[in-house]
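I opened the coordinates and kept a short log of what I looked up. The entries follow in the order I made them.

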Amino acid sequence: MLLHLASLVIATLAARVDAVESDCQLETAPAYTGFSLKLGTGCTEYVHCQNGIVASNNTCPTGTLYNGEVGKGGICNWAGIVECKDQGEVEATTSSPSTYAPKLAS
């Protein structure tokens, strides 16, 4: 029973290490704490990292994109003014951010 539990813990930690390399930091970087771009999401998602481990997954509100990079902080900002740093994604830049302005309640 104890051996099975130890194997389960090791397997869980091994799975989390993969998240460290891809979402929290570049392979050669030291352990990162802060917000980081979640790759493969077109800048719609980001993660919160604690010492190189993903602590939470987050999604930007509709009409916004995450403007940070892997291992570098950022915020969700209007999609029209964000230069998406997601590898392989098309840059989402325009000259008129007002297109994405929120609708005000009447």
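**Entry: G73**

I started with G73, which sits in the loop between strand 4 and strand 5. The model is a predicted one, so I treat what follows as computed values. Is G73 buried, partly exposed or exposed? I find a relative accessible area of 48%, and because the buried class ends at 20% and the exposed class begins over 50%, G73 is partly exposed.

I then listed what G73 touches, leaving out residues up to four places away in sequence: Y32, F35, Y66 and G68. I also checked one C-alpha separation, from G73 to T33, and got 9.2 Å, with the two positions 40 residues apart along the chain.

**Entry: aromatic pairs**

Next I searched the whole structure for aromatic pairs; there are 2. F35 and Y46 make an edge-to-face pair, with 5.5 Å from centre to centre and 75° between the planes. I note that this pair links distant parts of the chain, since F35 belongs to strand 1 (residues 34–37) and Y46 to strand 2 (residues 45–50), 11 residues apart.

I looked up the accessibility of both partners. F35 has a relative accessible area of 37% and is therefore partly exposed. Y46 comes out at 16%, so I log Y46 as buried.

Which geometry do Y46 and Y66 have? Their ring centres are 4.9 Å apart and their planes meet at 10°, so I record the pair as stacked. This pair also links distant parts of the chain: Y46 is in strand 2 and Y66 in strand 4, 20 residues apart. Y66 has 1% relative accessibility and counts as buried. I group F35, Y46 and Y66 together, as they form one aromatic cluster. Two members of this cluster, F35 and Y66, are also on the contact list of G73.

**Entry: T64**

I moved to T64, in strand 4 (residues 64–66). T64 has a relative accessible area of 12% and is therefore buried. Where does the side chain of T64 reach a backbone oxygen? I find it at P61, at 2.6 Å. Not counting residues up to four places away in sequence, T64 touches C76, N77, W78 and A79.

**Entry: D86**

D86 lies in the segment after strand 5 (76–78). I asked how far away the nearest side chain of opposite charge is. That side chain is K38, at 10 Å; D86 is buried yet has no salt bridge. A salt bridge would need a side-chain nitrogen within 4 Å of a carboxyl oxygen, so K38 at 10 Å does not qualify.

I then checked which backbone nitrogens the D86 side chain reaches. A polar atom of this side chain lies 3.0 Å from the backbone nitrogen of G40. The side chain of D86 also reaches the backbone nitrogen of T41, again at 3.0 Å. Leaving aside neighbours within four places in sequence, I list L37, K38, L39, G40, T41, G42 and C43 as the contacts of D86.

**Entry: confidence**

Last, I looked at pLDDT. The protein averages 75, and 61% of the residues score at least 70. Over residues 8–20 the pLDDT stays under 50, and the model has 7 contacts beyond four places in sequence for them. Residues 89–101 also stay under 50, with 21 such contacts in the model.

Definitions and conventions:
Residues numbered from 1 in each chain as written. Predicted model: local features only at pLDDT ≥ 70, side-chain atom pairs only at ≥ 80, totals over all residues. Heavy atoms only, no water. Helix = DSSP H or I, 4+ residues; strand = E, 2+ residues; numbered from the N terminus. Buried < 20%, exposed > 50% of the residue type's maximum accessible area, 1.4 Å probe, protein only. Lys, Arg positive; Asp, Glu negative; His and termini not counted. Polar contact = N/O pair within 3.5 Å; in protein donor to acceptor, adjacent residues only side chain to side chain. Contact = heavy atoms within 4.5 Å. pLDDT = per-residue confidence, 0-100. Phe/Tyr/Trp six-rings, centres within 6.5 Å; stacked < 30°, edge-to-face > 60°.
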